[in-house]
Amino acid sequence: MAEVIGIMGGTFDPIHYGHLMAAEEAREAFDLEKVIFVPAGIPPHKVQGQVTSPRHRYLMTLLAVMANPNFAVSRVDLDRGGVTYTVDTLTDLRTEYPDATMYFITGADAILEILTWKAPDQVLALAEFIAVTRPGYGLERLAMALGPLYVPFKDRIHILEVPPMGISSTDLRRRLKTGRSIRYLVPETVATYIYSEGLYGTGERG
Ligand code: NAP
């Protein structure tokens with residue numbers, strides 16, 4: 001039987017329990033054999049902004065998933081270098097897993113922007129999508145966002161309601177910069193790494 005895998009792409013700056021919960025919910029709901037976390041190189045929508053070095057984001061992702069035997073981390077986007085486009089991520093993983101059914105797990109807001117991504121029709125043809133969302137998300141928003149791609153690809157996009165978890169990487173970076181706690185928002189291993197490497201301004205305090 002062909003393998004069924006989930007692909008959780010993200011900037012992971014830093015990775016947190018929202019990402020891990022979404023991946024685990026998708027794994028269970030779609031009976032995925034494993035979920036591969038893929039830290040992005042330079043994310044196209046964050047080219048102008050400051051993104052933590054790939055090495056730190058990779059190691060934090062590794063530390064976050066290592067306790068779960070169903071989770072793994074791939075370096076495809078980091079090793080390719082440059083700006084990460086999902087079409088390249090999926091093409092590389094297709095080469096690595098030629099027979100697998102691939103599900104790309106993402107926030108519903110990202111799906112709404114998919115028409116602005118590079119080669120959206122190829123992206124949707126390479127993998128099925130699991131759009132994780134809060135309860136009450138309207139399918140009609142998706143239909144509008146996808147425009148002409150909605151009809152041919154609607155069966156390849158699955159909406160998955162997950163428990164709302166108000167954690168975001170932006171908020172975590174803000175907390176760290178101002179000396180606030182991130183306990184219970186990220187795995188302890190990730191928090192320890194952040195403090196020991198002095199990331200997100202934590203090294204600037206005495
Ligand atoms: P991210 O901020 O690190 O987040 C990764 C994913 O986790 C996102 O889909 C995000 O959804 C979701 N997430 C975050 N917090 C969550 C929570 N509390 N509960 C549930 N889900 C949560 O990654 P990103 O920068 O948005 O990038 C996502 C992927 O899209 C990456 O693989 C990136 O390469 C790809 N992308 C590709 C293109 C392109 O090909 N042109 C353009 C943009 C992005 P939310 O965003 O809804 O929080």
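These are my notebook entries on a predicted model, covering its pocket, its nonpolar cores, its aromatic pairs and a few single residues.

**Entry 1. The pocket**

I looked up the largest pocket and noted a volume of about 1,400 Å³. Its lining takes in 48 residues, and the closest to the pocket centre are Gly 9, His 19, Thr 106, Gly 107 and Ala 110. I then asked which elements each supply at least two residues of that lining. Among the helices I listed α1 (17-29), α4 (86-96), α5 (108-112) and α9 (169-177). Among the strands I listed β1 (4-10), β4 (101-107) and β5 (128-133). By residue class, I entered 22 nonpolar, 18 polar and eight charged residues for the lining.

**Entry 2. The nonpolar cores**

I turned to the largest nonpolar core, which has 37 residues. Which residues have the most contacts inside it? I wrote down Met 8, Ile 15, Val 35, Phe 37, Met 60, Ile 105 and Ile 194. Helix α1 gives the most to this core, with five residues. A second core, separate from that one, has 26 residues and includes Val 87, Met 102, Phe 104 and Ala 131.

I followed up Ile 105 from the largest core. Leaving out residues up to four places away in sequence, Ile 105 touches Gly 6, Ile 7, Met 8 and Gly 9. The same list for Ile 105 also holds Ala 26, Leu 32, Val 35, Ile 130 and Val 132.

**Entry 3. Ile 194**

I followed up Ile 194 as well, and found this residue in helix α10. Is Ile 194 buried or exposed? Its relative accessibility is 0%, so I entered Ile 194 as buried, the cut-off being under 20%. Not counting residues up to four places away in sequence, Ile 194 touches Pro 14, Met 60, Leu 176, Ile 182, Leu 199, Tyr 200 and Thr 202. I also took the C-alpha separation of Ile 194 and Glu 33, which is 30 Å for residues 161 places apart along the chain.

**Entry 4. Aromatic pairs**

I counted four aromatic pairs in the structure. For Phe 104 and Phe 129, the ring centres are 5.2 Å apart and the planes stand at 45°, so I recorded the pair as tilted. Phe 104 belongs to strand β4 and Phe 129 to strand β5, so this pair ties together parts that are 25 residues apart in sequence. Both Phe 104 and Phe 129 are buried. Elsewhere I noted one aromatic cluster formed by Phe 12, Phe 37 and Phe 71.

**Entry 5. Backbone geometry**

I checked the peptide bond between Asp 13 and Pro 14 and recorded it as cis, with omega about 0°. Pro 14 sits in the loop between β1 and α1.

I then looked at residues other than glycine with a positive phi. Asp 31 has phi near 55°. I placed Asp 31 in the loop between α1 and β2 (34-39). At a relative accessible area of 64%, Asp 31 is exposed. Ala 119 also has a positive phi, about 50°. I placed Ala 119 in the loop between α5 and α6 (120-126). Its relative accessibility is 21%, so Ala 119 counts as partly exposed rather than buried, since buried requires under 20%.

**Entry 6. Three more residues**

I located Thr 133 in strand β5. Thr 133 counts as buried, at 8% relative accessibility. What is Thr 133 in contact with, once neighbours within four places in sequence are set aside? I listed Ala 108, Ile 159, Leu 160, Glu 161 and Val 162.

I found Asp 155 in the loop between α8 (150-153) and β6 (157-161). Asp 155 counts as exposed, at 59% relative accessibility. From Asp 155 to Glu 128 I noted 8.4 Å, C-alpha to C-alpha, across 27 residues in sequence.

Last, I looked up Gly 198, which is in the segment after α10 (188-197). With a relative accessible area of 25%, Gly 198 is partly exposed. Its C-alpha atom is separated by 9.9 Å from that of Leu 176, and the two residues are 22 apart along the chain. Leu 176 had already come up in my entry on Ile 194, as one of the residues that Ile 194 touches.

Note on methods:
Residues numbered from 1 in each chain as written. Predicted model: local features only at pLDDT ≥ 70, side-chain atom pairs only at ≥ 80, totals over all residues. Heavy atoms only, no water. 1 Å grid on protein atoms, 1.4 Å probe; cavity = no way out; pocket = protein on both sides within 12 Å on 5 of 7 lines; lining within 4 Å. Points joined across faces, edges and corners; volume = space filled by probe spheres on them. Helix = DSSP H or I, 4+ residues; strand = E, 2+ residues; numbered from the N terminus. Nonpolar A, V, L, I, M, F, W, Y, C, P; charged D, E, K, R; others polar. Core = buried A, V, L, I, M, F, W, Y, C linked by side-chain atoms within 4.5 Å. Buried < 20%, exposed > 50% of the residue type's maximum accessible area, 1.4 Å probe, protein only. Contact = heavy atoms within 4.5 Å. Phe/Tyr/Trp six-rings, centres within 6.5 Å; stacked < 30°, edge-to-face > 60°.
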